Structures are given as structure tokens and as C-alpha cells.
2 protein chains.
Amino acid sequence: MVDTVVVGQRVPRVDALDKVTGRAKYTADLKLPGMLYGAFLRSPHAHARIKRIDTSKAEALPGVKAVLTQAKLAGRVAKIVDEAHGTSMDFKAFADTKVTYQGEKIAAVAAVSREIAEEAVRLIEVEYELLPAVVDPREAVRPGAPIIHEGLKPCPGPDGTPLVNVLRVVDRVEGDVEDAFARSDYIFEDTYVIPRAHQSYIEPQVAIAEVDPAGRVTCWTSTQGIFSVRNNLARTLDIPPHKINVIGMTIGGGFGAKFGGVVDTYAVMLAQVTGRPVKIVYTREEEFLDGRPAPGLVITIKTGVRKDGKILARKAIAFWDVGVQGGGAGATQRVRGVYDIPNIEFHGYDVATNKPPTGAYRAPGGPQATFASEAQLNKIAHTLGLDPVEFRLMNMREGPEVDFKKTLRAVADAAGWWSRTKGPNEGWGVAIGEWTNGSAASSAVCSLQEDGSLKIFSGLMDITGTDTAMAQIAAEVTGVSYDRVSVVRGDTNSVPMAPGSGGSMITFSMGNAVKRAAEEVRQRILEVASDMLEARPEDLDLRDNRVAVRGAPDRAVTLAEVAQQAAKTTGGPIAGKGSFAREPSATTIAAQIVKVEVEPDSGKVWVRRVVGSLDCGRAINPMAVEGQMEGGAAQGIGWGLWEQMVYAPDGRILNPGFLDYHIPTALDLPDIESVLVEVPTVNGPFGAKGVGEPPITPGIAAVQNAIFDAVGVDLHEVPFTPERVRAAIRARQEGR
Amino acid sequence: MVDTVVVGQRVPRVDALDKVTGRAKYTADLKLPGMLYGAFLRSPHAHARIKRIDTSKAEALPGVKAVLTQAKLAGRVAKIVDEAHGTSMDFKAFADTKVTYQGEKIAAVAAVSREIAEEAVRLIEVEYELLPAVVDPREAVRPGAPIIHEGLKPCPGPDGTPLVNVLRVVDRVEGDVEDAFARSDYIFEDTYVIPRAHQSYIEPQVAIAEVDPAGRVTCWTSTQGIFSVRNNLARTLDIPPHKINVIGMTIGGGFGAKFGGVVDTYAVMLAQVTGRPVKIVYTREEEFLDGRPAPGLVITIKTGVRKDGKILARKAIAFWDVGVQGGGAGATQRVRGVYDIPNIEFHGYDVATNKPPTGAYRAPGGPQATFASEAQLNKIAHTLGLDPVEFRLMNMREGPEVDFKKTLRAVADAAGWWSRTKGPNEGWGVAIGEWTNGSAASSAVCSLQEDGSLKIFSGLMDITGTDTAMAQIAAEVTGVSYDRVSVVRGDTNSVPMAPGSGGSMITFSMGNAVKRAAEEVRQRILEVASDMLEARPEDLDLRDNRVAVRGAPDRAVTLAEVAQQAAKTTGGPIAGKGSFAREPSATTIAAQIVKVEVEPDSGKVWVRRVVGSLDCGRAINPMAVEGQMEGGAAQGIGWGLWEQMVYAPDGRILNPGFLDYHIPTALDLPDIESVLVEVPTVNGPFGAKGVGEPPITPGIAAVQNAIFDAVGVDLHEVPFTPERVRAAIRARQEGR
């Protein structure tokens with residue numbers, strides 16, 4: 001591993017001061033002159049025909065500047081691209097003849113105040129004819145189920161019988177699972193059910209749009225990717241991308257859901273028709289009604305093993321509850337895990353249900369499929385009398401730039417797995433999840449200022465502390481001290497291409513771009529300093545804001561002096577540009593051990609310990625990696641124990657708010673213990689791998705396994721609420 | 001000259017639409033939440049001791065948030081650097097014991113409204129003890145004159161007698177003028193007087209400053225150079241430069257006066273003490289009371305010539321009326337012009353008078369010194385019976401990358417000089433001025449977007465259409481069509497180093513940086529397209545947003561496709577960086593021929609024709625060069641005929657507004673005819689030289705010469721007002 005000075009340090013976040021002093025500017029903080037406020041009319045029904053829409057009373061309300069419906073858009077069809085999934089969803093901006101989920105947008109109003117906009121929404125009259133709704137993907141695929149998208153043809157199911165309401169199928173067959181099952185000593189078959197979960201970012205979706213008389217659009221928004229938003233607006237509204245400027249404001253969480261299309265498109269359309277800036281802010285209820293949460297999953301998984309514990313085959317059939325649009329089927333592949341499974345077959349179905357569209361949530365599809373995979377592995381280990389850690393180690397793949405076993409052993413060692421003890425109703429669980437960071441087109445510019453400070457300029461949106469990592473990388477390369485590096489975000493008009501902050505790709509991908517830009521700066525520093533010091537570049541040391549001749553520390557110049565000197569040479573001021581795109585990175589894993597205590601009478605589960613390990617390749621900032629591990633663990637365990645979007649049979653959501661949708665608080669979890677494992681990947685900056693998504697993946701399975709260890713119930717339906725745990729304990733006691 | 005497609009075209013300005021639709025945002029358009037308004041208490045006297053300042057009533061006024069005086073700043077001394085002159089001026093933020101000019105700042109108030117701030121200013125009590133003032137630099141240097149800066153020592157004058165109130169002396173002696181005068185057939189000695197002129201930008205000085213709890217400063221301002229403002233604030237207020245972010249708003253004219261220090265420093269200090277944003281906007285009267293106008297000049301110039309017209313020697317003694325601070329003495333060198341004068345001697349004195357400090361105005365010192373030089377040359381030609389154009393051609397220097405004769409001949413030919421005719425009281429005048437563009441540290445970034453559009457990002461402030469030139473240069477190099485290039489301005493936090501837009505240096509200096517950045521983009525385009533088209537880079541043509549194989553136009557890819565493809569390669573998105581600094585450029589000249597008609601009874605001068613020529617090296621955009629020539633001609637002629645800041649003997653300005661200070665309007669001037677001469681300079685982008693300043697230099701002399709040709713009066717004092725012209729005509733008629 002390369003010897004480093006700043007990389008690997010637990011430096012404070014560059015944005016810490018702004019955030020804790022309330023100075024960071026969020027989109028909702030902005031108010032433009034003449035700004036209007038947008039609000040939506042939404043369907044109260046999950047499935048219904050629209051017989052009539054009358055906006056006349058709304059339009060007559062003083063202060064209302066526009067009421068948009070699909071009819072007024074003359075049939076314009078929006079195309080929303082989900083970059084996290086690489087899929088695109090065709091849908092109209094507004095429902096006009098039929099609604100397919102509760103909360104679907106029917107009209108948008110722009111008015112001089114939010115209150116007037118909401119009053120106008122109430123004045124819009126819509127006549128509905130109710131249709132039967134379907135909410136369970138298992139029911140939705142059965143012939144005879146209500147058809148959500150008319151015109152969508154049935155497809156053949158895994159056993160040949162036709163399935164309806166299927167948006168997309170992903171099939172994969174490797175080897176011969178039936179033959180391998182025949183050779184197996186044991187076969188396990190389980191069906192697991194995982195509900196939809198909301199990303200629950202603290203800041204709701206928000207955008208402000210302004211359109212000038214020449215049709216140029218400016219959009220301020222809370223987004224993970226300013227170029228995603230720009231390109232989406234361009235495609236959706238048929239505007240040339242260079243006529244759109246997207247300004248990314250400080251973001252209050254995204255977790256995959258903030259790539260645009262939910263509010264920005266509507267703010268732009270309302271600004272186009274009114275000629276005034278328009279702000280739209282979602283309420284929390286709207287988030288639950290019409291956000292883009294993670295899909296639910298019903299998955300049947302069948303695994304054949306030899307009695308020595310070797311896994312021979314695995315087959316999975318997965319029905320992803322994607323709502324009216326969305327994708328999950330591709331993530332069915334996660335049932336392979338990091339194991340050497342010679343025969344594997346899976347069939348993933350994106351099933352339409354009368355629920356809002358789904359989107360990406362941190363390691364999309366990962367927690368759901370990993371739960372099923374890992375829960376069953378724990379069951380298998382238990383049945384075979386094998387230690388679940390040993391069982392996993394025995395079946396793990398190996399390869400270059402990965403060391404899955406080291407990471408799993410690290411968490412077991414740290415948790416004291418091998419000498420673990422437990423009291424009454426206490427249990428230990430283990431699980432691992434795998435992930436490979438993405439990589440996308442990234443560019444950055446570094447420039448050394450006359451005062452010796454360095455700035456990094458790019459289109460990177462910082463949702464997790466990546467600005468801090470960029471500053472560390474640039475400081476490391478250039479010798480500028482960390483406190484003198486500033487990270488500056490530009491808008492789409494000003495910056496070269498930048499990827500959205502998702503797919504665990506920023507430290508890897510933008511980190512490489514920043515490293516390359518900093519290396520160009522370093523090279524110029526050495527060139528100029530070499531002239532100033534009359535020494536060869538290779539004899540110079542670059543550190544602590546100075547360039548010194550090696551072995552002669554008095555022969556030195558400051559970086560400020562170098563910058564000033566460079567500005568007098570024909571080569572000009574010192575600046576560097578770095579670009580990077582798709583070089584592959586190695587897979588990483590996050591392993592987790594959880595200890596719980598169950599109250600048998602109430603079914604309540606108390607989490608007593610959480611220990612996680614993660615192969616981060618190289619921790620640019622260990623504190624930031626630990627932050628990701630803690631956040632991911634909380635979200636994974638939260639999904640396992642509390643989080644679920646609950647729908648009534650008619651498709652109405654029953655818990656559209658944080659009062660009834662519980663996300664873990666500091667009181668719900670113990671301190672999370674994190675173990676960093678560093679197996680460098682050649683293409684990562686200083687060996688770093690992406691760390692944003694992996695930590696969420698093992699949580700549900702680890703908790704399930706711990707509950708099983710504690711009270712002997714093997715729960716198949718998430719979350720493990722007191723009601724379910726208590727019912728399972730009772731059923732077990734009653735021998736059911 | 002290089003063959004070009006976009007360079008050399010009369011493309012419309014990139015900012016035209018924003019400006020004519022009123023969408024361009026000026027600093028005064030901004031209003032920040034909680035913003036306060038600043039106002040100044042100014043001295044009503046030009047020279048006085050301050051006995052007492054009492055701010056208590058002002059502080060007690062409701063709505064007043066701060067009243068700053070020098071005492072409250074605990075003696076902090078500001079250092080204002082005048083980048084155009086390369087000089088720095090020490091002065092306190094406020095007068096405390098003595099005022100030295102009318103309008104000098106004594107206190108600044110921040111209040112919740114402009115009206116309250118002004119009311120508070122009126123409530124500040126100041127007790128003065130009047131001192132005698134001095135306003136004429138010839139009087140100011142005489143021993144016994146009121147001393148403006150106590151402690152400033154007398155210096156020896158040209159004849160050895162001591163001079164007082166002299167801030168700086170510039171002496172130059174080449175050859176032996178006294179010997180050459182002795183060998184001359186004719187000796188001419190004249191004293192010329194040029195008044196102070198105001199830059200008269202339409203938008204007054206304005207700044208808004210905000211200071212956060214960590215002391216970080218954000219400043220929005222109308223400036224020619226965001227880094228000049230930043231560095232000035234850093235030095236003045238002792239703040240590290242990287243804690244200051246300067247955002248340059250659209251600028252409504254600058255002409256050298258908008259490099260900071262006049263209002264921004266005060267906005268920042270008021271924001272520091274109040275913790276709230278503070279806006280300061282000068283009134284027009286404040287512009288005249290306490291702007292940084294051009295210095296006046298009293299110059300005695302002595303020239304020796306042979307009877308064949310060869311100039312043998314020249315000597316000048318120049319007293320620059322710089323006010324309490326400022327510089328002009330260096331510009332005395334302009335009396336050399338572009339002539340081969342073997343013996344030359346000059347002594348320039350920056351003389352302090354009880355008037356506001358002076359600053360840069362388009363070709364600083366050039367119009368004043370050039371007037372004296374050229375007016376006397378016209379007199380010499382007349383006396384010797386030589387044609388003034390021939391006389392100049394005979395004496396001109398020659399050298400590499402210049403062709404002064406070609407430029408002068410071009411204007412003479414275009415004006416029909418050789419066959420000119422005139423009616424009664426009509427006359428023709430000719431003059432030339434020379435200038436060499438500056439060059440300073442410049443960096444720019446170009447990036448090719450996925451839609452094939454190109455953006456240029458830098459810290460360039462566009463005051464004269466330079467954004468358009470940058471777009472043309474980048475379009476030329478990259479093959480992106482001009483309409484798809486956007487020019488984006490960043491703030492000091494985000495951009496690499498950029499020079500202030502002054503010194504005629506932007507097209508030359510930043511143009512080179514943009515060209516280098518675009519060349520890096522071009523190289524990457526060719527690399528990527530070469531792979532896509534399976535052709536060698538040298539066989540590819542890059543034009544009209546496409547790359548095609550030469551001779552096989554069907555084998556082509558669009559630049560959008562190239563950009564998208566590049567983003568999938570390890571080299572990443574296409575971006576380029578260019579840096580440039582001090583490579584020398586060649587001198588250029590602006591020549592002008594003016595025809596006037598004089599009304600002998602009233603003395604009024606009508607300008608009937610103005611023909612100018614300019615060696616622009618290479619016209620990146622001929623329309624923009626012509627714009628500079630027209631603007632410069634108007635300002636030069638305006639100074640010659642109307643513009644002057646008039647001071648009473650007690651130092652009070654008598655015409656602090658556009659009602660009494662007349663700048664030429666469309667009614668005052670005929671259409672200006674412009675002739676572009678292109679003598680490329682090797683180091684300029686596509687051969688371009690700087691064109692911003694030269695056109696203002698010859699105007700005063702050309703008009704003076706035309707009046708002489710019309711009515712036979714050889715005026716020595718500028719401007720040539722009807723009163724002066726009529727008086728001169730009468731004196732001539734009366735044989736005086």
C-alpha cells in the first residue's frame with residue numbers, strides 16, 4: 001500500500017462547519033423574485049378511470065397563475081430515465097384517462113402562495129369510476145388479475161403458465177440446477193417476503209425552476225446528480241441540454257432517489273407556462289404517496305448442498321413489487337452472493353402493482369435479495385450443524401483484488417464470534433452482502449492559487465462526505481495541506497461531465513479524476529520549482545505547502561511562491577484537469593454480526609450489538625468509511641425490524657408519515673462497531689473501492705439469524721415486528 | 001494568416017440576448033435576505049482639519065445597525081492596489097484628523113434602508129477647521145503651497161528648485177537633447193493643459209458583501225477583475241484570499257475604474273460588524289466626488305526638428321494632477337509615440353492636489369500625453385509646410401510584427417485625405433496613438449458535452465465582448481459550431497487564475513489560454529474519433545460539429561457521439577485546460593482623421609467625419625473591433641470637446657453630474673468609419689493584438705488639429721469648448 005500523509009487520516013469533513021451552523025443553503029431556503037408555488041392534485045384511488053376533469057374553479061381562484069393537466073400539455077409524454085437501474089420509464093406527466101396508484105399526479109397548480117395553490121387543487125373536480133386494485137405481486141401476475149397497463153401482453157412464467165402485469169423479465173441459467181439438485185444431499189426451498197421501504201431522506205424532494213424568454217431553463221434542486229437532472233429534463237421536455245442549467249444545492253439525503261423527474265420536471269413546465277420561477281416542495285405525505293421507494297420482493301429460493309456443506313446449486317424465482325413502473329429483476333442475481341455455486345438459475349420478474357413507481361435505494365435490490373439468500377444459508381448451516389461463518393468461508397469464491405474471507409474473519413474476530421456467549425433469549429446472527437462500485441464519466445479541475453491554496457472544481461454532489469475525500473486525495477498528491485484545499489461545486493453550465501453521486505462510485509470514479517488533475521498540478525509545481533531551486537524535479541520533495549530539495553531542507557520555496565512564479569511564465573497559472581471513466585473495480589463485501597435480545601411475551605427485539613466489517617480497498621478517510629458503515633447498518637437493520645410501507649387491499653397506503661413508518665433512531669440501536677479491511681483495488685485512487693452501498697446489504701439477514709438463534713423462529717417475512725415475532729414464537733411453542 | 005472559419009466572422013455577441021431583454025443580472029438587482037444598505041458621510045470641504053466627530057445621534061436612529069469611523073476601526077490602514085498602474089496607495093479607510101478632498105469618506109453607516117442610512121449620515125456631527133486648498137498642479141508644486149500629505153518631503157524639480165506635494169517622479173534621459181536642440185533648425189515649445197475626465201460608466205460602483213460566522217467573505221460586485229477585488233480585500237482587510245469569494249456580476253462599463261476598493265472594502269467592513277449582508281451603491285454624484293477618474297495634466301513639451309522634417313530631440317516636463325493619490329507620471333513616455341526620436345528626455349511628476357484620488361481610464365495617461373505630442377507635431381508640420389501624414393510617415397519607427405505606416409496610410413486612404421476638400425470654417429485633423437497590450441496569468445477550461453456542445457469556463461469578466469471572442473476561438477479550434485459554444489463565468493472560489501479585463505489584454509492573454517484548452521479538447525476528439533472511425537488522426541477533418549475522414553465524408557461521427565464515446569473510455573470525458581502568461585506582444589497604433597466645422601460666432605465645433613484605423617493583428621470578430629474603435633473615438637473626441645471635471649479654487653467640484661458633465665451622445669457625433677488593419681503578432685491567438693485601449697488615444701489631438709485647420713486657432717487647453725474656441729478666434733482676429 002502506498003505510503004500517504006493525508007489519505008488515510010480522520011480529517012473533519014470540509015462541509016462540517018456550514019452544516020452545523022445552518023449556513024449550508026438548501027433548495028427550500030431559496031426565494032426568487034416573483035416566485036410561484038406549485039402543488040399537485042393527486043388521485044385518492046389506486047385504480048380508477050377518470051371520467052371528467054374540471055379545472056375551471058381552480059383557474060378562477062385569484063392568485064392562481066396556471067393549472068396544468070395532461071390535456072393542456074397536448075399529450076406530451078415524459079420519459080423518465082432511472083440512471084441507477086439503466087432503465088427508462090415512459091409515462092405521461094399526468095394521468096388523464098386512468099389512475100394506477102394512489103397519489104398519482106392528475107394536475108399541477110402554480111399560484112402566488114402555497115396555500116392558494118393547495119386551495120386551487122381542492123377546487124379541481126374529478127369524476128372517477130373505480131377499478132379493482134392489485135397490491136400483492138403474487139396476485140398481480142395471475143391471469144385474471146386487474147390489468148394495470150392496458151396493452152401489456154402476458155409473458156410465460158417459470159413453469160410455462162402465463163403471467164400478467166409483468167414489465168420485465170431477467171432470466172439467467174448457468175450449469176444444470178436440476179441435475180445438481182438430484183446430486184444434492186439436502187435441498188432447501190423457502191419463500192421470503194420483503195416489503196417496500198422508503199429511502200426516508202430527511203429533506204423531501206424539492207426544485208425551483210426558472211425559464212427565460214429564450215426558453216433557457218435554470219433549475220435549482222436537491223439532487224445526487226446535476227447532469228442526470230439536466231439530461232432528464234432535456235429528454236422529457238425536449239429542450240437541448242445546453243439550454244438547461246442545473247444548480248445542485250446542498251442535499252439532505254438521497255440514497256438513490258434524487259436523480260430527478262419527481263418534482264423538477266413539473267417545476268419547469270409550470271415555469272414555462274407562467275413565465276415566472278416556480279418552487280415545488282414535497283410534503284412528507286407526498287413522499288410516501290408518490291416518491292420512488294425501493295421495490296418489495298417475494299422470492300422463492302431453492303438450494304442444494306452436499307452434506308459436507310458444499311453448495312451445489314441454487315434456483316430463485318423473484319417477483320419484484322415495482323408498482324406501476326420500476327425495476328428490480330436484475331438484482332435477483334444477488335442470490336449468488338460471493339459464493340462458488342457451480343449451478344445457478346434465476347428468473348426475476350418486475351411486476352406491476354397499483355402502487356407508486358419504485359426507484360433506487362442504496363444498493364438497489366441488494367438488501368432484499370441478500371436477505372433471502374443469507375437467511376437461507378443460515379438455515380442450511382444450522383441444519384447441517386455447521387458454524388455459519390465456517391460454512392460461508394468454505395463456499396466463498398476467491399479472485400484478484402478481493403479477499404472475502406479476510407473481511408468475514410475480521411468481523412468474526414472483532415465480535416468475539418468464536419467465543420461468543422449469550423443469555424436467555426439472546427442470539428447472534430451473521431450475514432454478508434456483496435457489491436461492486438460503479439464507475440462513470442468524471443472530470444475535475446484543480447488549480448493552485450497565488451496564496452498556495454488549492455481548489456478542486458467539479459460537478460460532484462456531496463451526499464456522504466465525498467468532498468472531503470476529494471480534498472484529501474488532492475492534498476496528498478500536491479503537497480498542499482488539507483486545510484488549504486477547497487472543494488467547489490459548479491452547475492451544469494460550468495463544469496465538465498460528472499457522474500451522479502450513486503452506485504458507490506464517487507470516491508472511485510471522481511476520485512480518480514481528481515487524482516489525475518492533481519497529478520497534472522504536481523507536475524507543473526515540480527517543473528516551476530525545479531527552475532526556481534535549480535534542482536532536478538526528481539530531487540524535490542513536495543509536502544506541507546512547500547517544495548524542498550531532498551536532503552537540503554533550507555533550499556525550499558513555498559507553493560504560494562511557486563504559484564506566483566508560474567503565473568509569470570509562458571506556461572501560465574498552475575491548473576490541472578483530470579478525466580476518468582469506466583475502468584473495472586473489484587467486488588467488495590460488507591459482513592455483519594448482530595446480537596439481539598428478544599422479549600418473548602411482546603415479541604420485541606432489542607439490538608444489543610452490531611459489528612460490521614467492510615473491505616474498503618483503501619480508506620481515504622476512515623471516519624467517513626465508518627460513517628457509511630454505521631448508516632448502512634442502521635438502514636439495513638431498520639428495514640429488518642421496523643420499516644415497511646403498508647398498503648390496504650385497495651392500494652391505499654396506511655402509514656404515509658414518520659409517525660407510523662418508523663426509521664431507527666439513536667435510541668433503537670447500540671453503538672455500531674466498524675472494522676475496516678483494506679484489500680486495495682488496482683484501479684481505485686490509492687486502492688479505494690466504493691463503500692456507500694455495501695453496508696446496507698447484510699442487515700436484514702443478520703437480524704433474522706440472530707432472532708432465530710435467540711428464540712428459534714425462522715422468520716420469512718420482513719420486518720420482524722413484535723406482532724410477527726410473538727406470533728412465530730407462539731406457533732413454535734404450539735408446535736405449529 | 002491562418003485560414004479560419006469562425007475567427008474573423010461578424011458573429012453576434014453571446015450576451016446580446018440577455019442584455020437587450022433585461023435578463024442580465026447586475027449587482028444592484030440582487031437583494032439578499034436581511035440585507036442592509038450602506039451610505040457614506042463625506043467631507044464637504046476639500047481641505048480641513050477634523051476637530052470632532054460625533055456619531056451618537058446617528059447610532060441612536062432606529063434601523064441603524066452600524067456606524068463606522070476610523071476610530072472604530074482602531075487605526076486599520078487600508079492598502080488599495082491599482083493593478084492598472086502597478087502602484088499601491090496607502091490610505092486609511094476613513095479620514096479622521098484631516099480631510100484632503102471634497103467627498104472624502106469620514107464615516108459609513110449600515111441601516112435597514114437606504115433612506116435611514118442617509119438620514120443617519122446627516123445626523124453625524126463633524127467639526128472642521130478649514131485649510132487652504134490647492135487644485136492646480138502647477139501651484140501645488142510651488143514651495144509655500146498648502147501641503148496635502150504631511151511628512152511628504154520636497155523633491156528637486158527639473159531645474160533643480162524644490163517641488164512640494166510630489167508623490168512620484170519618473171525621469172528618462174536618452175541621448176543628449178540639449179546638444180540635439182542646438183543642432184535643430186527649428187525648436188518648438190508648448191504647454192498643454194488637459195483636465196481630469198471621469199470614465200462615465202453607466203453603472204455606478206456597487207458591491208454587496210456577506211460575512212459568515214467563520215469570517216468567510218462573499219462579495220458580489222461590478223468589477224473588471226474578480227481576482228483583483230479578492231486580492232485587494234485580502235490585503236486591505238487582512239483576510240486570507242481563500243476565505244474570500246468574489247462573484248462578478250454583469251458589468252455596466254468600467255474603463256479601468258472597476259478593480260475594487262471604492263465600495264467593496266466598505267461593504268465587507270460593514271458586513272463584518274453587523275453580521276448581515278450589506279449593499280452599497282454609489283450615486284452619480286458620489287461617482288464624481290469620490291470615484292477614481294483620470295488625472296489631469298499640464299505638460300510642457302519642446303521639440304527640435306531639421307528643416308527637412310526629421311525630429312531630432314524631444315523634452316517634456318509633465319505635472320500630473322493625480323489628486324490625493326494616483327499615478328500618471330509613467331505615461332509621460334507616450335510623448336515618444338511611434339517615432340524615431342534619437343534624443344529624448346522627460347520628467348513626469350505625480351502631483352498631489354486637493355481632489356479625489358485618480359485611477360485608470362482606458363489607456364491610462366495615453367490620451368493626455370498623446371494630445372500634447374500629436375498637437376505639437378501637427379503644429380510643426382504646418383510650420384514646416386509638410387503634410388502632417390507625410391511628416392509622421394517620415395519619422396516613424398519600424399520593427400517586427402508592426403507596420404505603423406500601413407495603418408496610418410489606411411486611414412488616410414479611407415478618409416480621402418489626399419484629395420480632401422473643405423468648405424468655409426471646415427477643417428481636417430489627423431493624429432495617431434500607440435499602445436501595447438498587457439498580458440497576465442490566464443487559465444481556462446473547455447469541456448465537450450454529451451450533446452456535442454462546448455463550454456468555456458474561466459474567471460473572465462466580459463466588459464467589451466470578449467466572451468464572444470473566446471467562443472469564436474474555441475469554436476475555430478474544436479469544430480464545434482459557434483452557436484453551440486457557451487462561455488461561463490465562475491467566481492474566485494471556482495475558477496483558476498484570470499486577469500482583470502483591462503490593459504487590452506483579454507483577447508490576447510485569455511484568448512491564448514482558451515486556445516490552448518481548446519487544442520487539448522481537439523486532440524482528445526481526434527484520438528477518440530480515430531478509434532471510432534478507424535482512421536489516423538491526421539486524416540480527420542473537424543468541422544460543423546462533426547469529425548469526418550478526409551475524402552470520405554460519409555465516414556463521419558458527430559461530436560456528440562465522440563463525447564459520449566469518450567465518456568466510456570478510461571481517458572474519460574473530454575475536457576481541456578489552458579494556461580498562459582507573459583509572452584510579449586507587439587505594439588499597435590490607432591490612427592484617426594477628423595473633419596470638423598466651426599461656427600466662428602459661437603465657437604461651437606461640429607464633428608462632420610471621423611475615420612479611424614487600427615492594427616488589430618487579427619480581428620477575431622471585426623464587429624467587436626469596430627465597436628472598440630467607435631467607443632474609443634467617441635470617448636477621445638468627447639474629452640477633446642466636452643468632458644472635464646471642473647473644480648472651484650477651494651477644491652469643490654462644480655459639475656458632479658451628467659447634466660453639467662457632458663459625454664457625447666449619438667447626436668453629437670457622425671457615424672464613425674472604421675478601417676481594420678491586420679498585422680499579425682506571433683504570440684497572439686490567430687495573430688490578434690489587444691484593441692481595447694488604443695482607439696481612445698488620438699481623438700483629442702485629431703480634433704484640435706481639425707479646429708486649427710478650420711479656423712486657424714492652435715488651442716492648448718482641453719476641452720475645446722465654444723467659449724474657448726470663440727475666445728481664441730477673437731484673439732486671433734484681434735491679432736493677439
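**Exercise 1. Helix packing in chain B**

Determine how the axes of helix H13 (residues 506-533) and helix H14 (residues 559-566) of chain B are placed relative to each other, and which residues make the contact.

*Solution.* The structure is a predicted model.

Step 1. The axes of H13(B) and H14(B) come within 9 Å, with a crossing angle of roughly 90°.

Step 2. Angles from 65 to 115 degrees count as roughly perpendicular. H13(B) is therefore roughly perpendicular to H14(B).

Step 3. From H13(B), the contact takes B:Arg524, B:Ile525, B:Val528, B:Ala529 and B:Met532. H14(B) supplies B:Leu559, B:Val562, B:Gln565 and B:Ala566.

Step 4. Sorted by class, the residues of this contact are seven nonpolar, one polar and one charged.

**Exercise 2. The relation between the chains**

Identify the operation that superposes chain A on chain B, and name the residue of chain A whose C-alpha is nearest the axis.

*Solution.*

Step 1. Chain A is superposed on chain B by a rotation of 180° with 0.0 Å of shift along the axis, at an RMSD of 0.1 Å.

Step 2. This is the relation of a two-fold axis.

Step 3. The C-alpha of A:Lys577 is the one in chain A nearest the axis, at 3.1 Å from it.

**Exercise 3. The interface**

Describe the side of chain A that touches chain B by its extent, its elements and its residue classes.

*Solution.*

Step 1. In this interface, 43 residues of chain A are in contact with 43 residues of chain B.

Step 2. Four strands of chain A each give two or more residues to this side: E21 (442-448), E22 (454-458), E23 (485-489) and E27 (575-580). The largest share, five residues, belongs to E27(A).

Step 3. The residues on this side of chain A comprise 17 nonpolar, 17 polar and nine charged.

Step 4. Of the interface residues of chain A, 100% are also interface residues in chain B, so the copies meet through the same surface.

**Exercise 4. A sheet in chain A**

Establish the strand order of the five-stranded open sheet in chain A, find its edge strands, and examine the pairing of E12(A) with strand E17 (residues 296-305).

*Solution.*

Step 1. The order of the strands is E11-E19-E18-E17-E12, and the pairing is mixed.

Step 2. Strand E11 (166-174) and strand E12 (186-194) of chain A each pair on one side only, and they are the edge strands.

Step 3. With direction ignored, neighbouring strands of the sheet are turned by 5° against each other on average.

Step 4. E12(A) and E17(A) pair in the antiparallel sense over nine bridges. A:Thr191 has A:Thr300 of E17(A) as its bridge partner.

**Exercise 5. Two residues and their surroundings**

Classify A:Lys92 and A:Asp403 as buried, partly exposed or exposed, and locate each in chain A.

*Solution.*

Step 1. A:Lys92 lies in strand E5 (residues 87-92) of chain A. It has 15 other C-beta atoms within 10 Å and is thus partly exposed.

Step 2. A:Lys92 is 62 residues from A:Leu30 in sequence, and their C-alpha atoms are 29 Å apart in space.

Step 3. A:Asp403 is found in the loop between helix H10 (388-395) and helix H11 (404-415) of chain A. A residue is buried if 20 or more other C-beta atoms lie within 10 Å of its own. A:Asp403 has 20 such neighbours, and so it counts as buried.

Step 4. If residues up to four places away in sequence are not counted, A:Asp403 touches A:Asp615 and A:Val679. A:Asp403 and A:Asp615 are 212 residues apart along the chain, with 8.2 Å between their C-alpha atoms.

Technical notes. Residues are numbered from 1 along each chain as its sequence is written. Chains are lettered from A and ligands numbered from 1 in the order in which they are written. This is a predicted model: local features need pLDDT of at least 70, side-chain atom pairs count only at pLDDT 80 or more; totals for chains, interfaces and linings use all residues. Two residues are in contact if their C-beta atoms, placed from the backbone, lie within 7 Å. Ala, Val, Leu, Ile, Met, Phe, Trp, Tyr, Cys and Pro count as nonpolar, Asp, Glu, Lys and Arg as charged, and the others, Gly among them, as polar. Axes are lines fitted to C-alpha atoms, for helices over the stretch in contact, and angles run from 0 to 180 degrees between N-to-C directions. Angles under 35 degrees count as roughly parallel, over 145 as roughly antiparallel, 65 to 115 as roughly perpendicular and the rest as oblique. Two strands pair if DSSP finds at least two bridges between them. Copies are superposed by least squares on the C-alpha atoms of residues with pLDDT of at least 70 in both. A residue is buried if 20 or more other C-beta atoms lie within 10 Å of its own, exposed if 12 or fewer, and partly exposed in between; C-beta atoms are placed from the backbone.
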